[in-house]
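Subject: The structure to look through

Hi,

Here is the structure I promised to pass on to you. Please open it next to this email, and follow along as you read.

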Amino acid sequence: MRKKLKIGNLVRVNFIGSNYICEVIELVDKTTYKARNIKTGVIIPNLRWKAHKDKKSVWFIEAFISDTPGVKSTRSIDTRKQTTKKSELDQAIKKQKDFIKGNVKK
């Protein structure tokens with residue numbers, strides 16, 4: 001089944017007789033794609049459908065699996081660094097408590 005693939009599509013890629021599940025990451029041209037192996041993260045360049053593959057090519061797209069991409073990343077989304085110091089927080093809390101009590105300094 002030849003289908004025009006989009007970025008994020010999952011496909012089954014045959015590489016020297018072994019099958020791997022890959023995610024399409026780039027459209028090189030009309031029939032050529034670049035994909036990333038989901039388990040290992042290895043990028044496979046110049047992927048084509050079996051009918052369009054080069055004679056010397058050792059990999060080709062065997063089957064279309066789904067439109068939904070796999071897990072994007074296992075890393076934490078929150079990568080912000082600590083930007084405030086404890087002493088600054090303590091001063092801000094003290095000012096808030098004073099304000100609540102009615103002690104406003106001008």
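Let me start with a term that will come up again and again: a residue is called buried when its relative accessible area is under 20%, exposed when that value is over 50%, and partly exposed in between. Thr31 has 27% relative accessibility, so Thr31 counts as partly exposed. Please also keep in mind that this is a predicted model.

**The overall picture**

The protein has one helix and five strands. Going along the sequence, you will meet them in the pattern β-β-β-β-β-α. Of the 106 residues, 22% count as buried. The protein exposes about 8900 Å², and carbon and sulfur atoms supply 54% of that area. If you take the contacts between residues at least 6 apart in sequence, 38% of them join residues at least 24 apart.

**How strand E1 pairs**

Strand E1 is a good place to begin, with E2 as one of its partners: the two pair in the antiparallel sense over six bridges. In this pairing, Phe15 has Ser18 of E2 as its bridge partner. The hairpin of E1 and E2 has two residues between the strands, and Ile16 takes a positive phi near 50° there. E1 also pairs with E5, again in the antiparallel sense and over six bridges. Here Val11 stands opposite Phe64 in E5.

**The salt bridges**

Side chains of opposite charge can pair when their charged atoms come close. How many salt bridges does the structure hold? There are three.

One of them joins Arg12 and Glu62, whose closest N and O atoms are 3.1 Å apart. This pair links distant parts of the chain, since Arg12 is in strand E1 (residues 10-15) and Glu62 is in strand E5 (residues 59-66), 50 residues apart. Arg12 is partly exposed with a relative accessible area of 31%, and Glu62 is partly exposed at 32%.

Another is formed by the side chains of Lys34 and Glu26, at 3.6 Å from N to O. Lys34 has a relative accessible area of 25%, so this residue is partly exposed. Glu26, at 36%, is partly exposed as well.

Then there is the salt bridge of Lys86 with Asp90, where the closest N and O atoms are 4.0 Å apart. Both residues belong to helix H1 (residues 86-101); they are four residues apart, so about one helical turn separates them. Is Lys86 buried or exposed? With 62% relative accessibility, Lys86 counts as exposed, while Asp90 is partly exposed at 40%.

**The helix**

While you are looking at H1, try checking its length. At 1.5 Å a residue, its 16 residues should span 22 Å, and the end C-alpha atoms are 23 Å apart, so the two values agree. How many of the 16 residues of H1 are buried? The count is zero, so to speak of cover, H1 is hardly covered. Just after the helix you will find Gly102, which takes a positive phi of about 105°.

**Three places to visit**

Let's go back to Thr31, the residue from the start of this email. Thr31 sits in the loop between E2 and strand E3 (33-37). Not counting residues up to four places away in sequence, Thr31 touches Leu47, Arg48 and His52. Thr31 and Lys53 are 22 residues apart in sequence, and their C-alpha atoms are 9.1 Å apart in space.

Next, look at Asn37 in strand E3. Its relative accessibility is 7%, which is under the 20% limit, so Asn37 counts as buried. Which residues is Asn37 in contact with, leaving aside its neighbours within four places in sequence? They are Tyr20, Ile21, Cys22 and Val42.

Ile21 from that list deserves a visit too. Ile21 lies in strand E2 and is partly exposed, with a relative accessible area of 40%. Together with Ile38 and Ile65, Ile21 makes a nonpolar surface patch of about 230 Å².

Have fun exploring, and write back with any questions.

Best wishes

Key
Residues are numbered from 1 along each chain as its sequence is written. This is a predicted model: local features need pLDDT of at least 70, side-chain atom pairs count only at pLDDT 80 or more; totals for chains, interfaces and linings use all residues. Side-chain values use heavy atoms; hydrogens and water are left out. Buried means under 20% relative accessible area, exposed over 50%, partly exposed in between (1.4 Å probe, protein chains only). Two strands pair if DSSP finds at least two bridges between them. The expected span of a helix is 1.5 Å times one less than its number of residues. Patches are made of residues with over 30% relative accessible area and no salt bridge: like charges are joined within 9 Å, nonpolar side chains (Val, Leu, Ile, Met, Phe, Trp, Tyr) within 5 Å. Accessible areas come from the Shrake-Rupley method with a 1.4 Å probe; for residues, only the protein chains shown count as cover. Contact means heavy atoms within 4.5 Å.
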